[in-house]
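Me: Could you take a close look at one part of this model for me? I'd like one helix and what sits around it, told in one go.

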Amino acid sequence: MAKLTFKTDICKGCGLCVDACPKKLLRLAQEKINKKGHHPAEITDEAACVGCASCAMMCPDCVIKVER
Amino acid sequence: MVVFDKPHALTDAPMHYCPGCTHGIVHRLVAEVIDELGIEGKTIGVAPVGCSVMAYNYFACDMIEAAHGRAPAVATGVKRADPENHIVFTYQGDGDLASIGMAETVHAAARNENITIIFINNAIYGMTGGQMAPTSLPGQVTQTSPYGRDVKQCGFPIRVCEMLSELDGPEYLERVTVNNVKNIRQAKKAIKKAFQNQIDGKGFSLIEVLSSCPTNWGMTPKAALEWIDERMIPYYPLGVYKDRSAQEAQDK
């Protein structure tokens, strides 16, 4: 099982990670808002994540740290 | 085990780029390459004028800010001052490199200066609010071409890699993009080769990265990445345009 850590405060809510996830496990949290005023990305089902790091590769702001 | 984390050669400063701008991805690739080659302590970057004008805040190596378009000239000076101990790269946009800085770019390439240039081509002037750039596509709507770029009036876009490949000087020219994970991996390989060429003393390497500008293109970040595939790549084909060492080895 992989572990994702999000630096939520610097997320700009662009959603590139959401589109990059091959298993469609990420989403922009519509009910949350971060310091910058964006809806930050979060993972819906961490148990299903295989840790491919596609989301982290696409993220322009190095928000996501991937551990396996 | 950590699979992916922010590279050491990037600082902790949050980037000022718009949401979905691929500048951040290219910054990270350059920083990853600097980490992997272990050259952070002796690398000097030259920041341009444009959206990436504050690149010196984000790279942990030493940085210099150049006048608009003159980054290759500044890099030439830095490299020639101490060629053995420094790795010099410039990071420039299309308004910087292909417009006001065209002369410096072409002559640095013709002299085969031993520097690395990372050229971000997003087909528009980003920082100043989306005006038509030398690389804007025919028919592309920008602030200064509201009816689309008219090639009869404004001329045709400049393909920088193709143009420089006609010179005998440059060592390595490649065009890549960062619009999906596969292309990001390819872009990183290209950037690594460009830095390795400099370490090996081979000379001028330029990597053109097709990038997105969701804000000024007036698109969502996702649609902008698709636009690269649909519109930019057909006009700016990806690939290696010059690899002199490989060519010479083949000719032997």
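Reply: Here is a walk around helix H1 of chain B, then out to the sheet, the whole chain and the contact with chain A.

First, some housekeeping. This is a predicted model, so local features need pLDDT of at least 70 and side-chain atom pairs count only at pLDDT 80 or more, while totals for chains, interfaces and linings use all residues. Residues are numbered from 1 along each chain as its sequence is written, and chains are lettered from A and ligands numbered from 1 in the order in which they are written.

H1(B) covers residues 23-37; helices (H or I, at least four residues) and strands (E, at least two) are DSSP runs, numbered from the N terminus. Its 15 residues should span 21 Å, and the end C-alpha atoms are indeed 21 Å apart. The expected span here is 1.5 Å times one less than the number of residues.

Is the helix mostly covered or mostly open? Mostly covered: 11 of the 15 residues are buried. Buried means that 20 or more other C-beta atoms lie within 10 Å of the residue's own, exposed means 12 or fewer, and partly exposed is in between, with C-beta atoms placed from the backbone. The buried set includes His23(B), Arg28(B), Leu29(B) and Ile34(B). Among the elements covering them are S2 (43-47), S4 (87-93), S5 (116-121) and S7 (205-210), along with helix H7 (181-199), all of chain B. Just past the end of H1(B), Gly38(B) takes a positive phi of about 65°.

Now step back to the loop between S1 and H1 of chain B, where Cys21(B) lies. Cys21(B) is buried, with 29 other C-beta atoms within 10 Å. Leaving out residues up to four places away in sequence, Cys21(B) touches Ser212(B), Cys213(B) and Pro214(B), plus Pro60(A) from the other chain. Contact means that the C-beta atoms, placed from the backbone, lie within 7 Å. His8(B) is 13 residues from Cys21(B) along the chain, and their C-alpha atoms are separated by 21 Å.

On to the sheet. It is an open one of 7 strands in chain B, in the order S3-S2-S4-S5-S7-S6-S8, with mixed pairing. Two strands pair if DSSP finds at least two bridges between them. The edges are S3 (62-65) and S8 (239-243) of chain B, each pairing on one side only. S2(B) and S4(B) run parallel over 4 bridges, and Thr43(B) has Ile87(B) as its bridge partner in S4(B).

As for the whole chain, chain B has 10 helices and 8 strands. Its radius of gyration is 17 Å, close to the 18 Å from the globule rule for 252 residues, so chain B is as compact as a globular protein of that length. That radius is taken over C-alpha atoms, and the rule is 2.2 Å times the number of residues to the power 0.38. Of the 252 residues, 52% count as buried.

Finally, the contact with chain A. Each chain puts in 22 residues. On the chain A side, H1 (16-20), H2 (54-58) and S4 (64-67) each supply at least two, and H2(A) gives the most, with 4 residues. S4(A) also pairs with S1(B), residues 2-4, in the antiparallel sense over 2 bridges; there, Glu67(A) has Val2(B) as its bridge partner.

Note on methods: Contact = placed C-beta atoms within 7 Å.
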